[in-house]
Amino acid sequence: MDPCHAAVLRTPDNPMRVERISLRPPRGGEVLVRTMSAGICGTDLHFATGRFPYPLPTVLGHEASGIVEATGPGVDEFSPGDRVIVCDQVFCGRCAACLSGEMVYCIDPGPKQRQRDRLRVEGAAVRQYLGVSAFAEQMVVDATALIPMPRELSFEAGALLSCCLTTGMASVFNVAGVRPGSTVAILGCGGVGLGAVQAARISGAARIIATDLEEHRLQAACDLGATDTLNAGKVDITGSIQELCGGVDYAIEAVGLVETASQAFTVLRPGGNAVVMGMMPANATIPVPGRLLRQGRTLAGTVMGSVRTRHDIPRYAELALRGTLDTERLITSIRPLAQVDDAVQAATERTGIRELLEF
């Protein structure tokens, strides 16, 4: 087993420690990747604080890009030296979900089984986080977790396309189906929300209303295509959107709170569609006014916007290369692995938009 350095989380809501871990060599259908860039995602924060329990110790991180170092038996599509985007959504390509284009709901149990013995900390096997564990110098992942990355694209942009930008964009394109000339509300302007703002602009939405608690994120939303902004800490969002346009055709929730999910539904016009992207607690219940259901409004949840990774992410990468999709505006800081706790703290305090680690 090859040793490398990684940020190990041993107890929830406590600092991570950079330690030496061991990775077993890639087996059939697996690839060894040297990590080049990894983002601090809100999902990572949920697990770091214990909001969502996870077997510990582990190595967090699932939003990443890197370079292929070795491949296991049966891997034909990648070779050492290839630049890749690493996504936590893996698929078998055989089950009903995969064959219908809903790969994010793949029912193959294999990936979860393989996550149990890829990492060792102090000689003991630990659970790999979401099949990636990107806060480490190297990762062993399923080949289906990888998307080829153009040489012209930076590793930082590749990491953002691994999760945050892709989740926001795919939710707008694949789930909401935003149409030209429509009105869209984006609730929450972190990395995922700003991906949705840009997707709404690219889709031709005539009015894009962005809401957040932080003024610097609202300014970023304006820079990236929002036509209106509302500070959720200063105004009543539902009433303000009604005053602005009488309700929106689409509402995209990118926070993961019951309150904002309910708001996404109530700001719709009759017949409108709301999509909840934020990661909701398993026991959360979203109150929905019955009278509004009778007016044809819909509320949908999604995993990563039902992204078809090998189909959608290369297209988003092309948008980034053409300058249609802005990745640089999201990057607040780039720190070494040794400063992972500083990056997590900054992400928790929402002082910027996206904190990245470099390797």
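## Contacts and overall shape

Let's start with how the chain folds back on itself in this predicted model. Among contacts between residues at least 6 apart in sequence, 70% join residues at least 24 apart. The protein chain has 359 residues, and 55% of them are buried.

The radius of gyration is 20 Å, which agrees with the value near 21 Å for a compact globule with 359 residues. Along the principal axes, the C-alpha trace spans about 60 × 40 × 40 Å. As for secondary structure, the protein chain comes to 12 helices and 18 strands.

## An open sheet of five strands

Five strands, in the order E4-E1-E2-E7-E8, make up an open sheet with antiparallel pairing. Its edges are strand E4 (58-59) and strand E8 (124-126), each of which pairs on one side only. Strands of a sheet pair through backbone hydrogen bonds, either parallel or antiparallel.

At the E4 edge, strand E1 (residues 2-9) and E4 are joined in the antiparallel sense over two bridges. To find this pairing on your screen, look for Val8, whose bridge partner in E4 is Val59.

## Strand E6 and its two partners

Strand E6 (83-86) comes just before the loop that leads to helix H2 (96-99). Side chains leave E6 in two directions: Arg83 and Ile85 point one way, Val84 and Val86 point the other way, and all of them are buried.

E6 has antiparallel partners to look at. Strand E5 (residues 63-71) is joined to E6 by four bridges, and here Ala64 stands opposite Val86. Strand E10 (residues 146-148) pairs with E6 over three bridges, again in the antiparallel sense; in this case Val84 stands opposite Pro148.

## Gln89, in the loop after E6

Gln89 sits in the loop between E6 and H2. Is this glutamine buried or exposed? Gln89 has a relative accessible area of 15%, so it counts as buried.

The side chain of Gln89 makes a polar contact of 3.1 Å with the side chain of Asp88. Setting aside residues up to four places away in sequence, Gln89 touches Val104, Thr144, Ala145, Val303, Met304 and Thr309.

## Two nonpolar cores

In soluble globular proteins, nonpolar side chains tend to be buried together. Here the largest nonpolar core has 50 residues, and those that touch the most other members are Leu161, Val184, Leu194, Val197, Ile252, Leu325 and Leu330. The elements that give two or more residues to this core include helix H4 (155-162), helix H5 (164-176), strand E11 (183-187) and helix H6 (191-202). Strand E12 (207-212), helix H7 (215-224), strand E14 (248-253) and helix H11 (309-322) are also among them. Apart from this core lies another, of 47 residues, among them Cys4, Ala48, Ala145 and Val344.

Leu194 is a good residue to centre your view on. Leaving aside neighbours within four places in sequence, Leu194 is in contact with Cys189, Arg217, Ala220, Ala221, Leu224, Leu330 and Ile353.

## Helix H7 and its buried face

In H7, the buried residues are Arg217, Leu218, Ala220, Ala221 and Leu224. Why do they line one face of the helix? Seen down the axis of H7, the buried residues fall within an arc of 155°, so they line one face.

That buried set is covered by elements including H6, E12 and strand E13 (228-231). After H7 comes Gly225, with a positive phi near 135°.

## Helices H8 and H9

Helix H9 (residues 258-266) has Thr260, Ala261, Ser262, Ala264, Phe265 and Thr266 as buried residues. Their cover includes E11, helix H8 (237-245), E14, strand E15 (268-276), helix H10 (290-293) and strand E16 (298-301).

Thr238 gives a closer look at H8, the helix in which it is found. With a relative accessible area of 22%, Thr238 is partly exposed, because buried means under 20%. Not counting residues up to four places away in sequence, Thr238 touches Gln263, Thr266 and Val267. Thr238 and Val267 are 29 residues apart in sequence, yet 5.5 Å apart in space, C-alpha to C-alpha.

Key. Residues numbered from 1 in each chain as written. Predicted model: local features only at pLDDT ≥ 70, side-chain atom pairs only at ≥ 80, totals over all residues. Heavy atoms only, no water. Buried < 20%, exposed > 50% of the residue type's maximum accessible area, 1.4 Å probe, protein only. Polar contact = N/O pair within 3.5 Å; in protein donor to acceptor, adjacent residues only side chain to side chain. Contact = heavy atoms within 4.5 Å. Pairing = 2+ DSSP bridges. Core = buried A, V, L, I, M, F, W, Y, C linked by side-chain atoms within 4.5 Å. Arc of directions from axis to C-beta. Rg over C-alpha atoms; globule rule 2.2 N^0.38 Å.
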